[in-house]
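A learner and a teacher go through a protein model together. The learner asks how to read a feature, and the teacher replies with the idea and then the case.

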Amino acid sequence: MILFGLYALHVVTGLMAHAMWHDELQAWLIVRDSATPAELARRLAYEGHPLGWYLLLWPFRFLGRDPAWMQVVAGACALGAMALLLARGPFSRLELLLLPLSYPLVFEYAVKSRSYTLGNLVLFAFCAAFVARRSTFLLALLLAVLVNVHAMFGLIALGGVSAVVVRRWQETGWRSILQRADGAAVIVLTIGAVLAVAVAWPPPDSGFAMGWAFDLDRAHLDRTMSALVALVGGGAIWQGLAPNAPFLGLMLCALFLARGPRAPAAAAFFGTAVLGLLAFMHVKWGLAPWHSALLVVVLVAAVWLGRGEQGPSGPALLPRPVFAAVLVVQAWVGVNAAVKDRSIPFSAARETAHILIDAGLRDAPVFALHDEAASGVIAYLGVPTGFYGPGWREGSYVIWDKARLVPVDVAALVDRAAAVPRAVVLDCKATITEAPPDPRLVELRRVEGAAESCVIYRVALSRPGSR
């Protein structure tokens with residue numbers, strides 16, 4: 001109880017300190033601007049994500065425009081996941097002390113407000129239900145929800161299906177692997193999968209993560225396998241110490257799978273989920289820290305399932321000293337990330353919005369040279385729209401179509417801003433330049449963030465009284 005209380009204190013204060021960036025605020029803007037669930041589904045056309053996280057957020061749009069409401073939901077999901085882990089997880093006291101400090105659970109999927117927090121909650125609920133031998137229908141229902149959280153959690157759900165199938169095979173053999181009572185479970189899981197694909201499948205003019213990369217050249221394979229370094233703490237901790245750090249992650253996977261006959265269902269879950277995630281990262285996208293950290297969550301879930309299969313006195317699927325060593329490294333990385341986020345704003349969007357509000361410019365027309373980071377400013381301002389150079393359109397959230405890939409005519413955008421009284425021009429992106437992108441722009445303030453920075457400009461008057 002004390003451990004959970006300390007974790008809850010960290011999550012609440014961490015969420016309050018965290019400056020959300022566009023990947024988080026994109027979801028809130030879509031939800032905020034959707035009057036009905038049907039409209040919400042339509043607005044997700046270019047997102048490449050299923051409906052689950054957005055549908056959970058949708059009722060909170062009626063409480064106001066403040067994106068902090070999304071943080072309330074994310075925090076509740078993170079605390080729910082941790083409560084399940086501490087109450088139902090078959091972990092030792094040392095492991096229970098280290099797990100809340102691991103990178104995914106102390107920072108990436110706790111302080112950030114993304115669908116991954118919901119995914120962890122549903123995945124841990126599945127683990128608890130699987131070990132408790134709940135009905136196949138309940139397991140299928142949880143996996144159907146998991147599929148609708150995120151494409152990558154859909155692949156983890158496939159691992160859950162394999163665990164259910166392997167356990168049934170162990171108990172009844174192949175001939176009885178599918179029983180008449182399983183009909184409803186199959187239907188629910190199928191509906192969930194079809195719904196997820198229908199919502200997430202991108203339209204033909206999608207401009208994000210276009211195409212599929214099926215090539216197997218060495219450079220591409222090395223890049224994909226580099227995701228495994230997340231299992232041993234991430235690239236930052238091994239930089240300069242072990243250039244082949246992904247090999248350590250690969251060896252950890254091999255050790256787990258080699259001991260798979262001790263707990264076949266858990267091994268099936270782990271192997272299917274890890275291979276699925278790596279395959280998706282190889283052919284599509286997903287090598288960012290928030291993607292590769294899912295491998296750590298999969299490892300924790302697999303240990304949970306394995307110990308549930310074996311019982312407390314059974315042989316360890318992953319040697320306890322090895323698992324403890326993994327958690328120690330994860331805790332070191334996680335605590336450092338959480339501390340850094342409290343001292344260095346992750347994004348400049350929140351501070352930029354506060355500067356504009358303090359200057360009496362909350363309702364000033366906003367013109368953005370780049371839409372991604374600037375959309376976060378729009379969310380924090382709570383205004384309906386801004387004008388985005390990419391795609392040359394007015395809106396709030398980013399539409400990931402091919403139109404936004406056309407290079408922005410900066411001079412034309414400044415011309416447009418100059419014609420509007422009180423207009424503000426934002427240059428928000430990962431790295432901002434020292435000089436204004438147009439000589440007519442006068443810098444008001446420059447705000448730095450760990451992932452996103454922003455410069456606030458006004459357009460210089462062409463002649464006295466012209467504006």
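The dialogue below takes up cores, strands, salt bridges and the surface of this predicted model.

Q: Which residues have the most contacts inside the largest nonpolar core?
A: Start with the general idea: in soluble globular proteins, nonpolar side chains tend to be buried together. In this predicted model, the largest nonpolar core has 134 residues. Those with the most contacts inside it are Trp-53, Leu-85, Phe-91, Ile-156, Phe-269, Leu-277 and Leu-299. Helix H17, residues 294-310, gives the most to this core, with 12 residues.

Q: What is Leu-277 in contact with, leaving aside its neighbours within four places in sequence?
A: Its partners are Met-152, Leu-155, Ile-156, Leu-294, Leu-295 and Val-298. Ile-156 is also listed among the residues with the most contacts inside the largest core.

Q: How many residues are in the other core?
A: That core has 13 residues and lies apart from the largest one. Its members include Phe-367, Val-414, Ala-417 and Val-459.

Q: Is His-49 buried or exposed?
A: A residue counts as buried when its relative accessible area is under 20%. His-49 has a relative accessibility of 12%, so it is buried. His-49 is placed in the loop between helix H3 (37-43) and helix H4 (52-57). Beyond its neighbours within four places in sequence, His-49 is in contact with Leu-44, Tyr-54, Arg-114, His-150, Val-199, Ala-200 and Trp-285.

Q: In which sense do strands E5 and E6 pair?
A: A general point about strands comes before the case: in a regular strand the side chains alternate between the two faces of the sheet. Strand E5 (residues 441-447) and strand E6 (residues 453-459) pair in the antiparallel sense, over six bridges. The two strands form a hairpin, with five residues between them. For one position to look up, take Val-442, which stands opposite Arg-458 in E6.

Q: Why is strand E4 described as largely enclosed by the rest of the structure?
A: Strand E4 covers residues 424-429, and five of its six residues are buried, so the strand is largely enclosed. E4 pairs with strand E1 (residues 366-368) in the parallel sense, over three bridges. In that pairing, Phe-367 has Val-425 of E4 as its bridge partner. E4 and E6 run antiparallel and are joined by five bridges. Here the bridge partner of Lys-429 is Ser-453 in E6.

Q: How many salt bridges does the structure hold?
A: The general idea is that side chains of opposite charge can pair when their charged atoms come close. This structure holds 14 salt bridges. One of them joins Arg-404 and Glu-372, whose closest N and O atoms are 3.5 Å apart. The pair links distant parts of the chain, with the two positions 32 residues apart in numbering terms: they are 32 residues apart. Arg-404 sits in the loop between strand E3 (393-395) and helix H21 (410-418), while Glu-372 is in helix H20 (residues 371-381).

Q: Which of these two, Arg-404 or Glu-372, is buried, and which is partly exposed?
A: Arg-404 is buried, with a relative accessible area of 13%. Glu-372 is partly exposed, at 29% relative accessibility.

Q: Where can I look for other salt bridges, such as those of Asp-438 and Arg-446?
A: The side chains of Asp-438 and Arg-440 meet at 3.0 Å, N to O. Asp-438 is buried at 7% relative accessibility, whereas Arg-440 is partly exposed at 29%. Arg-446 forms a salt bridge with Glu-443, and their closest N and O atoms are 3.0 Å apart. Arg-446 is partly exposed, with a relative accessible area of 24%, and Glu-443 is also partly exposed, at 34%. Salt bridges that share partners also join Asp-371, Glu-372 and Arg-404 into one network.

Q: Which residues make the nonpolar surface patch of about 300 Å²?
A: The patch is made by Phe-137, Leu-138, Leu-141 and Val-145. Phe-137 is in helix H9, residues 136-147. Phe-137 has a relative accessible area of 39% and is partly exposed.

Q: How far apart are Thr-190 and Ser-292 in space?
A: They are 27 Å apart, C-alpha to C-alpha, and 102 residues apart in sequence. Thr-190 lies in helix H11, residues 183-200, and is partly exposed, with a relative accessible area of 42%.

Key:
Residues are numbered from 1 along each chain as its sequence is written. This is a predicted model: local features need pLDDT of at least 70, side-chain atom pairs count only at pLDDT 80 or more; totals for chains, interfaces and linings use all residues. Side-chain values use heavy atoms; hydrogens and water are left out. Patches are made of residues with over 30% relative accessible area and no salt bridge: like charges are joined within 9 Å, nonpolar side chains (Val, Leu, Ile, Met, Phe, Trp, Tyr) within 5 Å. Accessible areas come from the Shrake-Rupley method with a 1.4 Å probe; for residues, only the protein chains shown count as cover. A salt bridge is a side-chain nitrogen of Lys or Arg within 4 Å of a carboxyl oxygen of Asp or Glu. Helices (H or I, at least four residues) and strands (E, at least two) are DSSP runs, numbered from the N terminus. Buried means under 20% relative accessible area, exposed over 50%, partly exposed in between (1.4 Å probe, protein chains only). A nonpolar core is a set of buried Ala, Val, Leu, Ile, Met, Phe, Trp, Tyr and Cys residues joined through side-chain atoms within 4.5 Å. Contact means heavy atoms within 4.5 Å. Two strands pair if DSSP finds at least two bridges between them.
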